[in-house]
Amino acid sequence: MTAPYNFSAGPAMLPRAVLERAQEELRSWRGSGISVMEISHRDPAFVQMALKAEQDLRDLMTIPDHYQVLFMHGGGRGQFSAVPQNIAGANDTVDYLNSGVWSEFAIREAQKFVSKVNVVGGAVDTEQGRAIAAAEDWQLSADAAYFHYCPNETVDGVALHEIPAQVTAPVVADMSSNILSEPLNVERYALIYAGAQKNIGPSGFAIAIVRDDLLGRAQGTTSTIMDYTVQAKDKSMYNTPNTWAWYLSGLVFEWLKEQGGVAVMGQVNARKAQLLYNYIDSSDFYSNPVHPDYRSKMNVPFLLADPQRDDDFLKAAEQQGLLGLKGHRFVGGMRASIYNAMPIEGVIALVDFMREFEQKHT
């Protein structure tokens, strides 16, 4: 049987080469006779692996030395709570852009730990589809401890491709669904965090890239395990880390380097997204609900002209080995998540199927 293409938004597909290597090493990591999940995280071999994974990530993203790279628990949602507790005081003001579902969840968590969470603006509906309010209309605070936004909203398929110049507060970005998908200037950010289950590795794992000047600011009630300063001091090993996820993430970083790095992945991802959007835009049978200027390159939602055919579409797609295309329960329709691990052949197969399904039902 030909391997299927998994368009799930997360947990998402991993590179086949990574899975094959993990399978080969599962019972005897580095010839040790035991799994990487069974070895102590203090063992020199594991420490060496962890250090290499961090350095590979630093190389891929060109992370400067004055940023800490932390491997943490709790996925992206854990960071929703960790961010305000680590870099804002309880009486501070923090700014949040509400561009979609995950921004909303982040805002709710921040409200538990900071007295004033100022929502500067958010998503709007336009004649050309869902968009984000123009930056000149945002109500930014003069004294915000930080500005938080989600560059790529996984559920809504809405993306903000640049940080407006109007934002002068330290920038915090939830890059759970777009990290490592294209080049970026890390120094434009004070803090980048990402749940791992989309472009990195297994679910439940998270990465935080924290500028050094933000350390030492945690609120007194912050859980020690989520304290960036503690985790930085202990090299992300204050507690026993998720060794399996760390190992697999390291394999993904190696794979990305073998593909040519983030610049090459950015080019491939742009081609994949354009291929899919071009077909949707050329069709009266399908539509994308997002303004062209704010379309995600990672998550492409689309609707059928007749929603009564949704179930037929999904069943037929699965029969063709095209999995995970059902839209999020909050928005319905379909959604194709085309992260780094999705080869362009998978997008071509999806477009071919969509064309055949349209021809059959019109």
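Here is a short chat about a three-stranded sheet in this predicted model.

Visitor: Which residues does the "Aminotransferase class V" domain annotation cover?
Guide: That label comes from an unreviewed UniProt entry. The span it marks is 32% helix and 19% strand, and its end C-alpha atoms lie 9 Å apart. The residues covered are 5-349.

Visitor: What is the order of the strands in the open sheet of three?
Guide: Start with the edges: β12 (286-287) and β15 (334-337) each pair on one side only. β13 pairs with β12 over two bridges and with β15 over four bridges, in the antiparallel sense. That gives the order β12-β13-β15.

Visitor: Which residue of β13 stands opposite Tyr286?
Guide: Look at where β12 and β13 (residues 299-304) run antiparallel. Across from Tyr286 you'll find Leu304.

Visitor: And which residue in β15 does Phe302 stand opposite?
Guide: Now go to the pairing of β13 with β15, antiparallel again. Phe302 has as its opposite number in β15 Met334.

Visitor: Which helix packs on the sheet, touching β12, β13 and β15?
Guide: Look for the helix that spans residues 262-282. Its direction makes about 20° with that of β13. It's α7.

Visitor: Why is β13 largely enclosed by the rest of the structure?
Guide: Buried here means under 20% relative accessible area. β13 has six residues, and it counts as largely enclosed because the number of them that are buried is five.

Definitions and conventions:
Residues are numbered from 1 along each chain as its sequence is written. This is a predicted model: local features need pLDDT of at least 70, side-chain atom pairs count only at pLDDT 80 or more; totals for chains, interfaces and linings use all residues. Side-chain values use heavy atoms; hydrogens and water are left out. UniProt positions are given in the numbering used here, feature names are shortened, and annotations may be inferred rather than shown by experiment. Two strands pair if DSSP finds at least two bridges between them. Contact means heavy atoms within 4.5 Å. Axes are lines fitted to C-alpha atoms, for helices over the stretch in contact, and angles run from 0 to 180 degrees between N-to-C directions. Buried means under 20% relative accessible area, exposed over 50%, partly exposed in between (1.4 Å probe, protein chains only).
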